[in-house]
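Here is a short tour of a protein model, written for someone who likes to know what sits where before heading to the bench. Have a look at the structure first, and then we will walk through it together.

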Amino acid sequence: MFSDNYIQRVVATKSHLCVGLDPVLDKFPYFILNRAKELYGKNPQGAAYAILEFNKIIIDIVADKVPSVKPQLANYEKYDSYGIEAFWKTVEYARKKGLLVIADAKRGDIGSTSNAYAESFFKNSEDEWASSVAVDALTINPFLGSDGLDPFINLNSKKGNFVLVKTSNQSSGEIQDLVIDNKQITVSETVCDYINSRVKLVGEYGFSNIGAVVGATYPQELSKFRKLLPHSLFLVPGVGYQGGDITQLEAGFDKRGLGSIISCSRAIDYSYESQDVSEIEMKLSISKAVDDFNMRINSMLKSANKCFWED
């Protein structure tokens, strides 16, 4: 199960941090961009080369420091088929390094289309035409209801799915916080009911493979959703540039100190001071940023007596 694999990686790395791989070429070091332009020119193929080289550097740094990485698919899709290829090569490289890969794609449709989306990320072992490169988990959008969610959940019982429950953006409450009159619960809480209705199996650590996205920018909501979703891993984006405060995220973890995946992208990926940075300086800066986030998360849990490996 994805949930067990994830917790095992947490224990092995002593980390609850997920490093986002959100490539923004305007922030890349010049030594990578210049090499890409020399080889391919300033075009989608060059962009894809730069993205993959950038990601490999980060993956090499974090492979022994964190359980997982989370590539944001939109940042790859914008560079045509070359960008998609860079995405899948990133997935393959990260998994070879022992990292779990959570694709941040927020997919959702209905029927055969939703099933095709599921197969594109998780693969269908019966499809002889398909590649074998797959992600370990995926973010999915609940707006279309069970027709849009069930194909992902049912395709492969070993994979993880993170359903959008309370997202980190400022306008999320415009829909997610609306109260459904006949139930007197919010849209987000209704999504929680759906998640619980689909939990059929929990792993060794008490978590199912159906998780929830709950933003770090709404820490007051974490306690409520942890009670509503006791068997769900939480993917918690929003620390770093979005302003989420690590010291307020303790409620997203269970009593043992498990259950939340704290995601950070830009504050780690672009932690160096200037695009003129050397490769060595880039590596040192990213390594230091990861160590700092790990320390802050673990210190928060220790203060709450929730450090799992110190029980």
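## The annotated lysine

K106 is found in strand 3, which covers residues 100–107. Please keep in mind that this is a predicted model. An unreviewed UniProt entry carries the annotation "active site" for K106.

Is K106 buried, exposed or partly exposed? Its relative accessibility is 37%, so K106 counts as partly exposed. The side chain of K106 forms a polar contact of 2.6 Å with the side chain of D104. Beyond its neighbours within four places in sequence, K106 touches Q72, T139, I140, N141 and L164.

## The barrel around it

Strand 3 belongs to a barrel that eight strands close, in the order 1-2-3-4-5-8-9-10, with parallel pairing. On average, neighbouring strands of this sheet are turned by 30 degrees against each other, with direction ignored. In general, strands of a sheet pair through backbone hydrogen bonds, either parallel or antiparallel.

One pairing can be followed residue by residue. Strand 9 (residues 234–236) runs parallel to strand 10, and three bridges join the two. Within this pair, F234 stands opposite S260 of strand 10.

A helix also packs here: helix 6 (residues 111–122) lies across strand 3, strand 4 (137–140) and strand 5 (160–166). Relative to strand 3, helix 6 runs at about 155 degrees.

## A serine after strand 10

S265 sits in the loop between strand 10 (260–264) and helix 11 (266–269). With a relative accessible area of 11%, S265 falls under the 20% limit and is therefore buried.

Which residues does S265 contact, leaving aside its neighbours within four places in sequence? They are G20 and D22. With D22 there is also a polar contact between the two side chains, at 3.3 Å.

## Cysteines and disulfides

How many disulfides does a search of the whole structure find? The search finds zero. As a reminder, a disulfide is a covalent bond between the sulfur atoms of two cysteines.

Why does C264 form no such bond? The closest cysteine sulfur, in C18, is 9.8 Å from the sulfur of C264, which is too far for a bond; the cut-off is 2.5 Å. C264 is buried, at 1% relative accessibility. For C307, the closest cysteine sulfur is also in C18, but 19 Å away, so that distance too is too far for a bond. C307 is buried as well, with a relative accessible area of 5%.

Definitions and conventions
Residues numbered from 1 in each chain as written. Predicted model: local features only at pLDDT ≥ 70, side-chain atom pairs only at ≥ 80, totals over all residues. Heavy atoms only, no water. Helix = DSSP H or I, 4+ residues; strand = E, 2+ residues; numbered from the N terminus. Buried < 20%, exposed > 50% of the residue type's maximum accessible area, 1.4 Å probe, protein only. Polar contact = N/O pair within 3.5 Å; in protein donor to acceptor, adjacent residues only side chain to side chain. Contact = heavy atoms within 4.5 Å. UniProt positions renumbered as here; feature names shortened; annotations may be inferred. Pairing = 2+ DSSP bridges. Axes fitted to C-alpha atoms, helices over the stretch in contact; angles between N-to-C directions.
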